[in-house]
Amino acid sequence: MFAWTLWTAVLCMLVISVLAIYSAKNYQSDQARTAIQHGVYAMIGLGAAGIICLLDYKIIARWSGLAYGVAIILLGLVLVLGVERFGAKRWLNLGFFQFQPSEPTKLAFILFLARFLSVSQDRIQHIRTLLIALIILAVPVLLILAEPDLGSSLVFFPVSLVMMFMGGIPKKFLIWISGMGVGLIAVVLAQALYVAPEWQVFQLEEYQKQRLLTFFNIDFASMEETEEAKRQARELQLDLNYNVRQALISVGSGGMHGKGWLNSEQVALDYLPRSVAHNDFIFSVIAEEKGFVGSVLVIALYSTIMLSGLYIASQSKDLLGKLLASGIITLWLTQIFINIGMNIGLMPVTGLPLPLLSYGGTATISALASIGILQNVYIYRKHI
Amino acid sequence: MESLEQRPKSDPRLFILGGFTLLMMSVLISGLWQVQVKSTTRYEESMRRQYYRTVRIPASRGLIFDRWGQPLAENRPSYNINIYLERLSHLYQDEYAKWRGYKKKSESAPEDIREALEEIQPPADVPVPPPDESPFQWKSFSRYVAVKRLTDKLGERLGVPIELDYDIFTRHWNQKRSLPFTALTDISQEMVAKFLSQLERPPGFELDVRTLRTYPHKETACHILGYLRLASNELKEGEEKTNYRLQDFAGIRGLEMTFEDELRGRPGRARVKVDQIGYRVDQEIDVEPIPGNNLFLTLDLGIQHVATQALLEADPDESVRGSVIVLNPKNGDILAMVSKPGFDPNDFVPRISHDKYNRDYIQPEVTVLQSRATYHLYQPGSIFKIIIGIAALSDHAVDPYQRIQTHGGTKIGNHTWRDLARPGSYNFTEAFAKSSNDYFIEIGSRVSRTKIAETAKAFGFGRVNNLPIDNKKSGTVPDDAFIKSWEIPGRQVWTAGNQANLCIGQGELSATPIQIAEMMCGVANEGIIYEHRLVRRVESSEFVDPEDQVTQDFPPKIARAIDIPKSVYKHIKAALLKDVADSRFGTGSRARIEGFNIGGKTGTADSLASRTTWFASMAPMEDPQYVVVVMIEDGEYGGSTCAPVARKVYEYILQQNQLLESSQLSLADQSSTN
């Protein structure tokens, strides 16, 4: 009935996250408030997970079309009414809460795609099924890309690829579209980074381009620029590189055993910027304070959650449950890999939160809701 | 539907997904292993580099003492009012908020801008930047205004205006905001009291103490001690580079310069921990500075004082230009070396204003920085008759007992050399005491120019002495090399007129007073000349093992021994004695002290531009312990202007020796009675 391993790992993670956020906010007046707030979000998330378990996922899935539709409307709304922060419109201001529609969209999308693939089993080999699935994917991706939020929109690709794979879309189609996808991304990257602006067909936002250039360690300024322009470009590059460099120093200086809770020097001296230490870069705070041992513990807990999810998928009697579980696990895997990878310089900087650990109401509630769906699949695995 | 739900439990696709999940996690773990375990030292190093700024802390400078341990140069506490910028960051923010409002208003309602400005009340005479300045400029302006408000208020309370230059302040903030900004330098004791007695001190303002060089006797011995200037930023040997340097000084003249390496000590280093903005978080001393070594001089402060005083008294206008040198011929110790006019080396600490430097050091026609004892060249005049006498006697060119008739003048060619000595028939001693030009031109013409030049050089003319100070000159002696360089090529002729000039110490001859003193030492010591000694030893200023206390020792050292028969000195000394002792004959009789045998020679040399008066002496004649040389520019005569100065010096020395003797006697009494 109850997925004990999964919930134990999730609860451990929540405790760690409250402690880590408290530490990341060290020396700031809103330290306790932020940590408690995060705890409250976790409670709400746990409540949401409980509510999700009240109804069989097969019944919930029937309403997935509605969920998907609402999510799309919200994504549209955010483009019109959204609050602009750091040059992007990603949030809806609800007065008491900054709501980020792209987070629940991920779940609505997984529900809707799972439902679609499971009901289309008799024509799964047909190319029309694939095309419809691609349209289901494209609408939220384009809307999120328009915010702009490249990181969040990219998450949809591996999730849908895995779900199509699990759902029985012919392998040749999958190879074909993933080849196209990889090719497309390569072309977009290459032409955005190397082709002169006037010849570019797809244009990345300037800040996205700079993040990528920073990640690939390419000079911003081209060779023919003046010395002054080159110097300015280098400074800008260093500046953009700043968060990653400081995160790396945090993680690296943690060493094997870390400096101990509340002892992050990078936080104490403000080197890890206040605006990101408790959300996108929460992992580097944990890594600095708890060292390699702590980092591995976090990854072990994540692995436990994901492998439990896979176990639930394997226990599911129907395709819908399997698709839901594997979609959710892929979502987690992608976000975890990109976020931790960013903290240790393996991945370029994107605004993706670390599920359960990063501060953020919408993301935490969505993450726990997705755990609720896994639990739901586990509870109703035998009822058909 | 039914059939689809009967899928086997072990779906291979789930295994693929599980395998892929574990693979990605292991990629992360190996990445973390790389960063956290393998490269951790590298990241710790970059962390240290971004957290710490090193600051060079100057060591406290070594002291300089006279021979009795009285301080000539020491260190005093100096108080600065410093602003610790990190403690004012909230004020910068408040100020910036105000100006941001002003800027907004200037865009939305430019007509109300004057009111907006009145509301903010910027300090007077601070130009407000145009509203379209960049936020960066506005922030930097706000910081300046925030600090300016505080310094203005503090200045009002202390009763001194505190100048705060925008560029200097901004540069400090941009480049070294982890170090405090100095608002007031070297404030007076009253101001220290005023500052401390304030009930409410402005935030971030602290009273910091450091040490500064001070010369308690001001002008006394200024040319020997030299002075300091702010040190340049170049690294000394074996010094590690630091991010910042605290103000440090370096000697640029005198002993302060020549013994710079000893006096400076080894600077220490502080590590300042800074936050991301660059503000100071805390600070620790990494390397303690090692104070510089102390110098112990041969100088006798008492004699130096008296010699200075006597020299000043020689000119009623107190604008005397001259020099007094007191030496011990037995070991070369310089007991006093005065040059007037002098300067106060305290002027240069902590810094001298451009105006003051111009007014007191550049503009006066009379140079004050150069030592008249060692650097200025003078014609020795009649004092050179000592060398002429030695040269003629040792060459057997004259019988000292034979009388020679003088005529009140010697005519060579068209020119007559006047003789102030009354015409008569004089032997060597009498002629010397009367300083007869006729006599000395006569006997000097009997020896060659080369012989005279060689004798002069043996006694120290024409060579730079080895005193450890920078301000030195060699002077000229008409030796062969000089003659070669002198006239039109092919006409290098030394005339009888030249020879006559040389015999009375004029013409192609110049020397510094210290060279005259060296000559007197040679006579006093009968040919044994010690090297001049100014520094006896260098000692570590920290208490260490007694054996290691002295780091450098300078024992007396014989410079050279002159090969001239003793009988020559006997005649010279007798003549010197007669010049002072014989009130009828002697030109130097005004130096006489009853019961103390002083021997000396006066000199008065005239050139077109100026007159140089001399008195060179030694005492007691039985076994000379002191050489006193007095030189005064534009005096009346050597005998009238300079001899009394020497007498005052001898009187003091006698008095001190008597005091010393009686105290030793009483000590001896005590020890015998005990």
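**Close-up views of a predicted two-chain model**

**View 1. Surroundings of Thr364(A).** Thr364(A) counts as buried because its relative accessibility is 0% (buried: under 20% relative accessible area; exposed: over 50%; partly exposed in between; 1.4 Å probe, protein chains only). The model is predicted: local features need pLDDT of at least 70, side-chain atom pairs count only at pLDDT 80 or more, and totals for chains, interfaces and linings use all residues. Residues are numbered from 1 along each chain as its sequence is written, and side-chain values use heavy atoms, without hydrogens and water. Helix H15 of chain A (residues 361-379) contains Thr364(A) (helices are DSSP runs of H or I, at least four residues; strands are runs of E, at least two; numbered from the N terminus). Leaving aside residues up to four places away in sequence, Thr364(A) touches His38(A), Ala42(A) and Ser358(A) (contact: heavy atoms within 4.5 Å).

**View 2. Two sides of helix H7 of chain B (residues 189-197).** Met191(B), Val192(B) and Phe195(B) are the buried residues of this helix. They lie on the same side of H7(B), because their arc around the axis is only 105 degrees (taken from the directions from the helix axis to the C-beta atoms). On the other side, Gln189(B), Glu190(B) and Ser197(B) are exposed. The buried residues pack against strand S3 (71-83), helix H5 (135-158), strand S4 (181-187) and strand S5 (205-214) of chain B.

**View 3. A salt bridge between chain B and chain A.** Lys273(B) pairs with Glu265(A), their closest N and O atoms being 3.8 Å apart (salt bridge: a side-chain nitrogen of Lys or Arg within 4 Å of a carboxyl oxygen of Asp or Glu). The rule finds one salt bridge across this interface.

How values were computed:
Chains lettered and ligands numbered in written order.
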